[in-house]
Number of protein chains: 2
Amino acid sequence: MTDSEALVFVVDDDDSVRKALARLMRSVGLHVETFRSAGEFLGREPHPGPACLILDVRMPDLSGLDLQKELAASGTTLPVIFITGHGTVPMSVQAMKAGAVEFLEKPFDDQTLIDAVHEALKKDQQARLKKAELREIHERVCSLTPREREIFGLVVSGKLNKQIAFELGTSEKTVKAQRSQIMKKMRADSLADLVRLAVKVGITTSVDQAS
Amino acid sequence: MTDSEALVFVVDDDDSVRKALARLMRSVGLHVETFRSAGEFLGREPHPGPACLILDVRMPDLSGLDLQKELAASGTTLPVIFITGHGTVPMSVQAMKAGAVEFLEKPFDDQTLIDAVHEALKKDQQARLKKAELREIHERVCSLTPREREIFGLVVSGKLNKQIAFELGTSEKTVKAQRSQIMKKMRADSLADLVRLAVKVGITTSVDQAS
DNA sequence: ATGCGCATAAGACCAAAGTCCAATTGCCAA
DNA sequence: TTGGCAATTGGACTTTGGTCTTATGCGCAT
């Protein structure tokens with residue numbers, strides 16, 4: 001699985017900045033794609049591999065902070081590094097609160113930006129791995145029939161087959177049959193595995209006991 | 001369980017600022033304790049209830065950012081709100097990276113600070129609840145004998161009693177006996193519960209299967 | 001030395017879970 | 001309409017887990 005290489009997006013309305021950043025990134029072996037506006041960036045199709053975004057705060061139309069908000073709202077979890085010529089404290093605080101990896105004022109040290117980019121890419125890679133794992137599990141959950149999903153929840157809540165049967169108004173036999181179906185479909189080798197899968201996708205039918 | 005009330009710590013070397021902040025906090029019904037230096041604050045004993053810290057960045061001796069670092073290093077997870085007269089972007093970025101709730105420049109809006117304090121207290125409360133839960137579970141784990149802990153790990157990894165017995169070179173009978181001891185001591189009503197407890201305290205003996 | 005906790009283990013027994021096979025019903029799609 | 005699939009259930013049987021009781025050997029502390 002040679003997944004595509006790391007990619008750095010640069011969004012800045014200043015041509016020379018874009019060129020300089022692109023050169024810098026390429027000088028350390030990173031692929032770059034540049035955009036002159038937030039809107040232009042939003043038009044592109046998603047990148048399959050690890051990526052991050054270097055973003056100028058001040059831009060015509062949509063500002064960098066607006067774009068960050070936009071991305072978050074659309075569920076895109078791309079790590080963002082801000083650069084700015086005239087940054088203010090409130091601006092940087094807002095950006096960092098919204099999850100920015102770094103907020104750099106021009107002129108900045110090249111190495112500082114490169115370090116930030118590496119950190120951002122690493123973060124994205126981890127997020128992707130986690131997301132992929134969750135998607136995989138979720139897919140298995142989706143392969144369950146509605147009834148099986150229901151029983152799934154009851155099983156991982158620690159209920160006995162007979163209890164489940166009673167609650168659902170069916171027979172214990174049925175529960176057993178579906179239970180093994182669930183184990184197959186979820187590819188769980190043991191109840192312990194099944195519970196862990198349920199925890200990962202946040203399935204908690206029963207009352208999560210407080211101390 | 002009437003746990004003690006919320007408490008706001010203020011650390012600032014300026015007398016008038018301390019007084020003003022104390023008055024502001026009291027005006028919204030919050031208890032306050034003020035300190036004129038980081039060192040003085042570090043000398044106090046921990047507060048049992050929800051708390052947060054309003055911290056001036058620039059102070060003689062230990063700066064606010066240093067104190068924040070100090071606290072983190074000592075395992076204290078007190079939410080911090082920074083206030084400063086002459087803040088810079090790098091300063092605020094550092095503070096936010098280190099987990100600060102807010103970073104405000106003087107003069108700031110009273111309500112903004114109050115909102116931040118409430119947010120910080122809420123955060124601390126949640127952190128305390130989570131920590132208390134973990135401590136409780138950890139205590140139960142500590143009540144297990146070394147052998148029981150070992151079996152605990154194997155049980156939640158999904159192994160059968162007979163497999164566990166084989167791996168440990170004992171008999172299945174023994175494993176069963178200790179297994180029920182474990183369930184009692186951990187106060188788990190089912191294997192599912194036990195697995196969830198194990199997940200919470202990060203017990204993963206077996207290979208955590210990747211997709 | 002005497003007792004206690006821990007690990008060990010056996011027997012007896014029951015409850016629960018898993019497996020294999022077989023069969024029925026109901027609904028959707030070809 | 002007819003075939004297929006999901007959901008349902010039963011029977012028979014094995015394996016596993018859980019409980020209770022009882023008992024032994026060991027090391028540590030009083």
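## Protein surfaces near DNA strands D and C

Around DNA strand D lie 17 residues, of which Thr145(A), Thr170(A), Ser171(A), Asn161(B) and Ser180(B) come nearest; a residue is near a strand if its C-beta atom, placed from the backbone, lies within 6 Å of it. This is a predicted model, in which local features need pLDDT of at least 70, side-chain atom pairs count only at pLDDT 80 or more, and totals for chains, interfaces and linings use all residues. Residues are numbered from 1 along each chain as its sequence is written, and chains are lettered from A and ligands numbered from 1 in the order in which they are written.

At least two residues each of the surface near DNA strand D come from helix 6 (146–156) and helix 8 (172–186) of chain A and from helix 7 (161–168) and helix 8 (172–186) of chain B. Helices are DSSP runs (H or I, at least four residues), numbered from the N terminus.

For DNA strand C, the closest of the 17 surrounding residues are Asn161(A), Thr145(B), Arg147(B), Thr170(B) and Lys173(B). Helix 7 (161–168) and helix 8 of chain A, with helix 6 (146–156) and helix 8 of chain B, give two or more residues to that surface.

| Surface | Element giving the most | Classes |
|---|---|---|
| DNA strand D | helix 8 of chain A, four residues | four nonpolar, seven polar, six charged residues |
| DNA strand C | helix 8 of chain B, four residues | four nonpolar, seven polar, six charged residues |

Here Ala, Val, Leu, Ile, Met, Phe, Trp, Tyr, Cys and Pro count as nonpolar, Asp, Glu, Lys and Arg as charged, and the others, Gly among them, as polar.
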